[in-house]
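Student: Please give me a close look at one part of this protein, the aromatic residues and the charged side chains around them. I would like the numbers together with the cut-offs behind them.

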Amino acid sequence: MGAPWRRWYKTTRWQRLRDEVFLRDLCTCRRCGRVTSDDARVCDHVEPHRGDERLFWDAANLQTLCKDCHDRLKQSEEQASLHRRGVWH
């Protein structure tokens, strides 16, 4: 069984919040500036929440990223910080 917070992504509340963020950001990637289509955008947590509900649901902690920037740049940044923080810190 995975981390309990993973189920938050399946909720209607998350879907609404995610759509609000895309609308706020005009579906534009905050990294590269590309306008994204439905299947090419990700609602990303600026500061990783690591199960912290406050950070997870905070719209100010969310940004629109294109899938390329999220999968390539953001994930590599998080992986690079593993040695400093550990997996869940």
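At what relative accessibility does Trp57 stand, and does Trp57 count as buried or exposed?

Tutor: Trp57 counts as buried, at 15% relative accessibility (buried is under 20% relative accessible area, exposed over 50% and partly exposed in between, with a 1.4 Å probe and protein chains only). This is a predicted model, in which local features need pLDDT of at least 70 and side-chain atom pairs count only at pLDDT 80 or more, while totals for chains, interfaces and linings use all residues. Residues are numbered from 1 along each chain as its sequence is written, and side-chain values use heavy atoms, with hydrogens and water left out.

One face of Trp57 is covered by Arg13, which lies 3.9 Å from the ring centre (a charge sits over a ring if NZ of Lys or CZ of Arg is within 6 Å of the ring centre and within 35 degrees of the ring normal). Trp57 also belongs to a cluster, linked by ring pairs, whose other members are Trp5, Trp8, Tyr9, Trp14 and Phe56. The structure holds eight aromatic pairs (rings of Phe, Tyr and Trp, the last by its six-membered ring, pair if their centres lie within 6.5 Å, and planes under 30 degrees apart count as stacked, over 60 as edge-to-face and the rest as tilted). Among them are Tyr9 and Trp14, an edge-to-face pair because their planes stand at 80°, with centres 5.1 Å apart. Within that pair Tyr9 is partly exposed at 29% relative accessibility, whereas Trp14 is buried at 4%. The rings of Phe56 and Trp57, with centres 4.7 Å apart, have planes at 75°, so this pair is edge-to-face. Here Phe56 counts as buried at 0% relative accessibility, and its partner Trp57 is buried as well, at 15%.

A second charge over a ring is found where the charged end of Arg41 sits 4.8 Å from the ring centre of Phe22. Arg41 is itself buried, with a relative accessible area of 12%, and its side chain meets that of Asp38 in a salt bridge at 2.3 Å, N to O (a side-chain nitrogen of Lys or Arg within 4 Å of a carboxyl oxygen of Asp or Glu). Asp38, by contrast, is exposed, with a relative accessible area of 62%. Arg41 is also touched by Thr36, whose other contacts are Cys27, Cys29, Thr64 and Cys66, not counting residues up to four places away in sequence (contact means heavy atoms within 4.5 Å). Thr36 is buried at 8% relative accessible area and lies in the loop between helix H1 (12-24) and strand E1 (41-45) (DSSP runs numbered from the N terminus, helices being H or I of at least four residues and strands E of at least two).

The bridge between Asp38 and Arg41 belongs to a structure that holds six salt bridges. Another joins Asp25 to Arg24, where the closest N and O atoms are 2.9 Å apart; Asp25 is buried at 9% relative accessible area, while Arg24 is partly exposed at 39%. The side chains of Asp52 and Arg54 also meet in a salt bridge, at 3.6 Å from N to O, with Asp52 partly exposed at 29% relative accessibility and Arg54 exposed at 57%. Through salt bridges that share partners, Arg24, Asp25 and Arg30 are joined into one network.
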